[in-house]
Amino acid sequence: MSEIKDEIILRGLKEHNLKNVDLNIPKEKIVVFTGLSGSGKSSVVFDTLAIESRRQMTLNYPSYVRNQMPRYERPQADLMQNLSPVIVVEQRAIGGNSRSTVGTYMDIHPLIRLLFSRIGDPPIGSATDFSSQSSFGRCPECSGYGEVIAPDLNKMIDFEKSLRDYAVKFKPLSPSGWQGRWMMTGGLFDPEQPIKDYPEEKLQLLLYGPQGGEKVYAPFHTKNGPQPHEWDGLLPRFTRLYINRDISKLREVSEDDVLAVTTKSLCLTCHGSGLNPKVLECRINGLNIAEYDQLELPEILEELKKINDPMGQSIAQQAIPPINQLVTMGLGYLSLSRKMGTLSSGEAQRVKIARHLGSSLNNLTYIFDEPSAGLHPEEVDMLIGMLKRLKDQHNTVIVIEHNLAVIKAADQIIEMGPGAGVNGGEVVYQGTIEGIKNSPTATALNHKLKVNNHSREIKGNFIINQASNNNLKNVNVHIPKHVLVSICGVSGSGKSSLMLEAFTDKYPETITVGQGSIGISNRSTLATYMGIMDDIRSIFSRETGQPAGLFSFNSIGACPTCKGKGVLKPDVAFADPVTIPCEACGGTRYSEEALSYRYQDKNIVEILELTIDEAIHYFKIPKIIKRVQTLKEVGLGYLTLGQTTSSLSGGEVQRLKLASHLQKEGQIYLLDEPSLGLHTEDNEKLLDVFQNLVNRGNSVIIIEHNLDFIAASDWVIELGPGGGKQGGHIIFAGTPEEMLHAETLTAKWLKRAEV
């Protein structure tokens, strides 16, 4: 009797660009989906397999519970069988507010608070009292933030000027606001005299108000005549009105305006912990909770293992596994108090993965979206080990990935393609690595690293001296101008601190392309994002004499039935949601009137259906041609002008963001991991864009782990040797050719790849 294979069966998949795809995915294997950006990988894995698994899981709950849960529409497919519960680790950046830390994100900190509330000495109330967000636990001075915001005299006041000449630089307290006018007309201060010439007593009154409880009044002129008004001093007034209150409801001033004239400093009451001093008196084995939070993770493990109290031991045993997961992922140098917003992309990616690894359940399907994103080649090795451990626990591991090391570690490869967008949506290969040939991935696997041995001549440098941001150890570095420079090093080694903080502070004219999302939505298109939709509407308006709004589906040109959405979502009560195309506009989103007007034989929808390649030859306006050309240069020529940003793959979003920044005129371009989400073939197109920028006299600096980019650079700077406290040093600076003779981690992988 033949053995029945346990595999996920998918038939007739039609989501997005998928062309009736049939797939059998083996279980308890590492299966890598690869292919060009936009080839259909996410459409299979996320939009079909993951959505259907989640949809079916919710069906197990009673209807009143399902109404409180996310609701999923059945994916477009003929058959989806043998699915198992999914755990999805997406590429999306970790959200969280300014108080979010590694401890809170990993759910370790609630256990530490519980531990202190049960066995800490002297005892303090409940576990919530050990939180900087509770009314008792928060520091009374800084309200739990650990930092104190105070007005900065030198930022707020130009002592060389008079009040009338805007000596006060904060707008509401300057002559343009009523308070500034009152200072000039109230009779207390000479509005014409430079502040530096005020007698000491008058200067103290202006800045700090009357001393010793005395009250001083100055007339404030109203339509009913002068009214006496108490003067309390510029700095006390600013603190009362703009620091100690919620300014989000004020129309004339923003938080950025306030931060521009203030300084953040460590709160001396709580020493930066954000906790009430009474809470900090409670200790376990000599340490208070703030000191626990500052320990590196292996040190916390040692402290937890020292606990002898039976109740304390049971709580500690729950905290140890997630801490171990972080250490296993190479993040032992972090502390629980480390703010999530300060992690590098590689650190954040590994924290996110570690959060999902604590489950003792098996027979699950783990889905990873480019888990190697932001990781150094050394860390990718660690990642592959983690994927193999998950598989060994009888789980199915599905990975969307471009990294060749991860692809080589797969039990099975499924390549989507052959192209991207409308040219993709098919399975071009399924099988082991040995059988893959005649495809973009086969080409990439056979790709040999080319180390640049003709680096451009260096004729000038950007100079950074004594940089000490975050973990930087008073770094001094020369970064060559007018060449392609790669900044590399393991996660947390100080690359972002050096370039995105120290460098941009000194060279604010830098055009920086970070890793932030682009704000995707189904109302935003390539044309709107690139800033050419207004020009297209203006052309139609000029040619037809109609208002420009008629040619927008977000305005008066919208289809009256679907309100410019192109689809309808009828109310189906407790059943699965259903999306159907709008019959009135046929999914075009526009009204009949809008579609009746034409420009060069095309209506607005037909123009938005033009691909980027076609649009270059269709339009005559230089601004449009230039911006469309930028999209073509980054390899997005196959997309249409009207394609919604919400339908783009991660790699396409990355290149769209690059294109929007590269169209700006500048001299210095700084890009944070531009290779994220890109196939090797796409990388080559992007490298060409960077080389062309340099050839036009620009300086291009990239923060990168990708060895192709590092090898093609003119100059390489590596930080390290480790992450966190072990990082922050320049451990190499030179040409890629010179790096082949160095003894650093990046050099090790560069040598291996060159073989």
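These are my notes on one residue, one strand pair and one helix in a predicted model.

**Thr262**

I looked up Thr262 first. I found Thr262 in strand 9, which covers residues 262–266. Is Thr262 buried or exposed? I count Thr262 as buried, because its relative accessibility is 4% and the cut-off for buried is under 20%. Next I checked its side chain. A polar atom there lies 3.1 Å from the backbone oxygen of Val258. I then listed contacts, leaving aside neighbours within four places in sequence. Thr262 touches Ile149, Ala150, Pro151, Asp152 and Lys155, and also Phe238 and Ile243.

**Strands 7 and 8**

I turned to strand 7 (residues 216–222) and strand 8 (residues 225–231). They run antiparallel, and I noted seven bridges between them. The link from strand 7 to strand 8 is a hairpin of two residues. I looked up one bridge by name: His221 has Pro226 in strand 8 as its partner.

**Helix 25**

I checked the length of helix 25 (residues 650–662). At 1.5 Å a residue, its 13 residues should span 18 Å. The end C-alpha atoms are 18 Å apart, so the span agrees.

How many residues of helix 25 are buried? Twelve of the 13 are, so the helix is largely enclosed by the rest of the structure. I noted charged-looking names on the buried list too, including Glu652, Arg655 and Lys657. Also on the list are Val653, Leu656, Leu658 and Leu662, among others.

Last, I asked what these buried residues pack against. I found strand 19 (511–513) and strand 22 (668–672). I also found helix 19 (526–529), helix 24 (622–633) and helix 26 (680–695).

Conventions:
Residues numbered from 1 in each chain as written. Predicted model: local features only at pLDDT ≥ 70, side-chain atom pairs only at ≥ 80, totals over all residues. Heavy atoms only, no water. Helix = DSSP H or I, 4+ residues; strand = E, 2+ residues; numbered from the N terminus. Buried < 20%, exposed > 50% of the residue type's maximum accessible area, 1.4 Å probe, protein only. Polar contact = N/O pair within 3.5 Å; in protein donor to acceptor, adjacent residues only side chain to side chain. Contact = heavy atoms within 4.5 Å. Pairing = 2+ DSSP bridges. Expected span 1.5 Å × (residues − 1).
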